[in-house]
Amino acid sequence: MRIAEPIAYIPLYGALYAAFGAASPFWPKLFETRALTPQQIGAILAAAMLVRLVSGPCVGRLADIFGSLRLVLASCAALAAAAAVALNWADGYWLLLPLAVAQAAALAPTTSIADALSVNAAKPQMGGKPFEYGWIRGSGSAAFVLGTLLVGQLIGPADLTPVIWMNAGLLITATCATALVPPVPPQATLHIGPSLALGEVHGFLTIPRFRVLIFVSALVYGSHAMHDAFAVIRWSDAGIGTTAISFLWSEAVAAEVFVFFLVGPALIDRLGVNGAAALAALAGIVRWSIAGVTTSVLLLSMIQPLHGLSFALLHLACMRMMRTLVPARMAATAQALYAFGQASLLLHWYRYRVFFMPDTQERPSSRWQLSVASRSRLPGLA
C-alpha cells in the first residue's frame with residue numbers, strides 16, 4: 001500500500017510521537033509509584049541513556065550498510081512496544097531496570113531513522129518541489145500534544161498504568177505505519193564492507209561544520225532532556241495536579257508545533273542557521289533561569305512557549321544543515337550521531353543527579369546548570 005508523498009510520513013510521525021507524548025513525561029513518575037527513590041530513578045534513566053549511546057549509532061549504521069531503513073525502524077518500534085507491555089508486571093528496581101533499558105535500546109534509533117528517511121534518503125516532494133521537513137516533524141509534535149493531553153485525563157496520582165498501554169499501542173501503530181513510507185531510492189542503499197563503513201564514519205566526523213552541529217545540539221537538547229526527566233516529579237511534589245502538568249507540557253509542545261509549521265523556516269531563511277541557533281540559545285537561557293526558581297503554574301505557563309524557540313527552531317536549523325552535509329547513503333548514521341551527542345551530555349546530568357543530590361532536596365542548582373548549558377552554546381555558533 002502506498003499513499004502520496006509526503007503524506008505517507010504523517011501516520012508514522014504521528015504514531016511515534018504520540019507514543020512519546022503519552023509516556024515520556026510520566027515514566028519517572030511511574031517509577032516513583034513503584035517505590036523507587038530519586039537516585040534509583042536517576043540510575044534507570046542514566047542506564048537507559050548509556051544504552052542509547054551505543055544502540056543509536058550502531059543500529060543506524062547497520063541500517064545504512066544494509067539499506068534497510070524501513071525494516072529496522074519497524075523492528076525497533078515493535079521491540080519497544082513489547083518492552084512497554086512487560087513494564088506492566090514489573091515491580092521493584094531490579095525488574096524495572098532491565099525493561100527500561102531494553103525499551104531505550106529499541107527506541108534509540110527510531111527517530112534518527114525516521115528523520116533520515118524524511119530529510120536525506122527519500123526526500124519527499126509535493127508538486128515537484130521539496131516538502132518542508134518542519135511540516136512533517138510538526139505533525140509529530142502535534143501528535144505528542146494529543147498523546148500527553150489524552151493520557152493526562154486517564155491517569156491518577158497513584159495509577160499510571162494507562163501510560164503503559166497507550167505507549168505500547170501507539171508504538172505498534174508506528175510499526176504498521178512504516179509500510180506506508182516510500183522505499184529508499186536504490187542509489188541511497190549502497191552496500192559496503194565493515195572496514196569501509198568505519199572509514200566513512202571517521203571521514204564524516206572530520207567535517208568541522210558537522211562537529212559543531214553535534215556540539216551545539218548536544219548542549220541545547222541535553223538541557224531540555226534534563227528538564228523532561230525531572231519536571232513532572234518536581235511539579236507533583238509542589239502540589240501541581242496531573243491535569244495542570246499535562247497542560248504545561250502540552251503548551252510547550254504546542255509552541256513547538258507553531259514554530260515547526262509556521263515561523264521556523266521563515267526565521268532560518270532570515271537569520272541563517274547560526275542566527276537561528278543563537279536565538280534558540282537565548283530562549284533557553286530565559287526559560288531555565290525562571291524555571292529554576294519557581295513552581296508557580298502561572299509563571300511556568302508564561303515561559304513554556306519558549307520551548308518553540310529553544311527546541312524546534314534549533315532542530316530545524318540542524319536539519320537544514322544536515323541536508324546539505326549528509327550523503328543519502330549515510331543518512332541514518334548521521335542522524336544517529338546527531339542524537340549521540342545529545343545523549344552523552346544528558347548522561348552527565350543524570351550522573352550528577354544520582355551521585356550529588358540527596359533524596360530530600362531538589363536543588364535549584366540543577367536548573368541553573370541548564371541555563372549555563374544554554375549560555376555555553378553561544379561561542380560555538382560563530
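The expected span of a helix is 1.5 Å times one less than its number of residues. Helices here (H or I, at least four residues) are DSSP runs, numbered from the N terminus. The model is predicted, so local features need pLDDT of at least 70 and side-chain atom pairs count only at pLDDT 80 or more, while totals for chains, interfaces and linings use all residues. Residues are numbered from 1 along each chain as its sequence is written, and side-chain values use heavy atoms, without hydrogens and water.

**Exercise 1. Helix α4**

Task: Compare the span of helix α4 with the expected span, and find which residues of α4 are buried.

Solution.
- Step 1. Helix α4 covers residues 69-87, which is 19 residues.
- Step 2. From first C-alpha to last, α4 reaches 27 Å, close to the 27 Å expected at 1.5 Å a residue.
- Step 3. Apply the accessibility cut-offs: buried means under 20% relative accessible area, exposed over 50%, partly exposed in between (1.4 Å probe, protein chains only).
- Step 4. Buried residues of α4 include Leu69, Val72, Leu73, Cys76 and Leu87. Ala74, Ala77, Ala80, Ala81, Ala83 and Ala84 are buried too.
- Step 5. Leu73 also has a partner far along the chain: Thr178 is 105 residues away, with the two C-alpha atoms separated by 7.4 Å.
- Step 6. Thr178 sits in the loop between α7 (161-177) and α8 (194-205). Its relative accessible area is 7%, so Thr178 is buried.

**Exercise 2. Two partners of α10**

Task: Work out how α6 and α12 are each oriented against α10.

Solution.
- Step 1. Fix the geometry. Axes are lines fitted to C-alpha atoms, for helices over the stretch in contact, and angles run from 0 to 180 degrees between N-to-C directions.
- Step 2. Fix the words. Angles under 35 degrees count as roughly parallel, over 145 as roughly antiparallel, 65 to 115 as roughly perpendicular and the rest as oblique.
- Step 3. α6 (residues 133-154) packs on α10 (residues 242-291) at about 170°, with the axes 8 Å apart. α6 is therefore roughly antiparallel to α10.
- Step 4. The contact of α6 with α10 has 11 nonpolar, 11 polar and two charged residues. The classes are these: Ala, Val, Leu, Ile, Met, Phe, Trp, Tyr, Cys and Pro count as nonpolar, Asp, Glu, Lys and Arg as charged, and the others, Gly among them, as polar.
- Step 5. The axes of α10 and α12 (307-325) cross at roughly 70° and come within 5 Å. So α10 and α12 are roughly perpendicular.
- Step 6. The contact of α10 with α12 divides into 22 nonpolar, six polar and four charged residues.
- Step 7. Gly264 belongs to α10. Gly264 is buried, at 0% relative accessible area. The C-alpha atoms of Gly264 and Leu309 are separated by 8.2 Å, across 45 residues of chain.

**Exercise 3. α12 and a cavity**

Task: Describe how α12 is enclosed and what α12 gives to the lining of the second largest cavity.

Solution.
- Step 1. α12 has 19 residues and reaches 26 Å, close to the 27 Å expected.
- Step 2. Of these 19 residues, 15 are buried, so α12 is largely enclosed by the rest of the structure.
- Step 3. Define the cavity: on a 1 Å grid over the protein atoms alone, a cavity is a set of points where a 1.4 Å probe fits but cannot get out, and lining residues have an atom within 4 Å of a point. Points are joined across faces, edges and corners, and a volume is the space filled by probe spheres set on them.
- Step 4. There are two cavities of 30 Å³ or more. The second largest holds about 60 Å³.
- Step 5. Its lining is Glu132, Tyr133, Pro265, Ile268, Leu316, Met319, Arg320 and Arg323. By class, that gives five nonpolar, no polar and three charged residues.
- Step 6. α10 and α12 each supply at least two lining residues. α12 gives the most, with four.

**Exercise 4. Ala35 and Asp159**

Task: Place Ala35 and Asp159, and decide whether each is buried, partly exposed or exposed.

Solution.
- Step 1. Ala35 is in the loop between α2 (27-33) and α3 (38-66).
- Step 2. Ala35 is not a glycine, yet its phi is positive, about 70°.
- Step 3. Its relative accessibility is 66%, so Ala35 is exposed.
- Step 4. Asp159 is in the loop between α6 and α7. At 41% relative accessible area, Asp159 is partly exposed.
- Step 5. Asp159 and Thr33 are 8.0 Å apart, C-alpha to C-alpha, and 126 residues apart in sequence.

Key. 1 Å grid on protein atoms, 1.4 Å probe; cavity = no way out; pocket = protein on both sides within 12 Å on 5 of 7 lines; lining within 4 Å.
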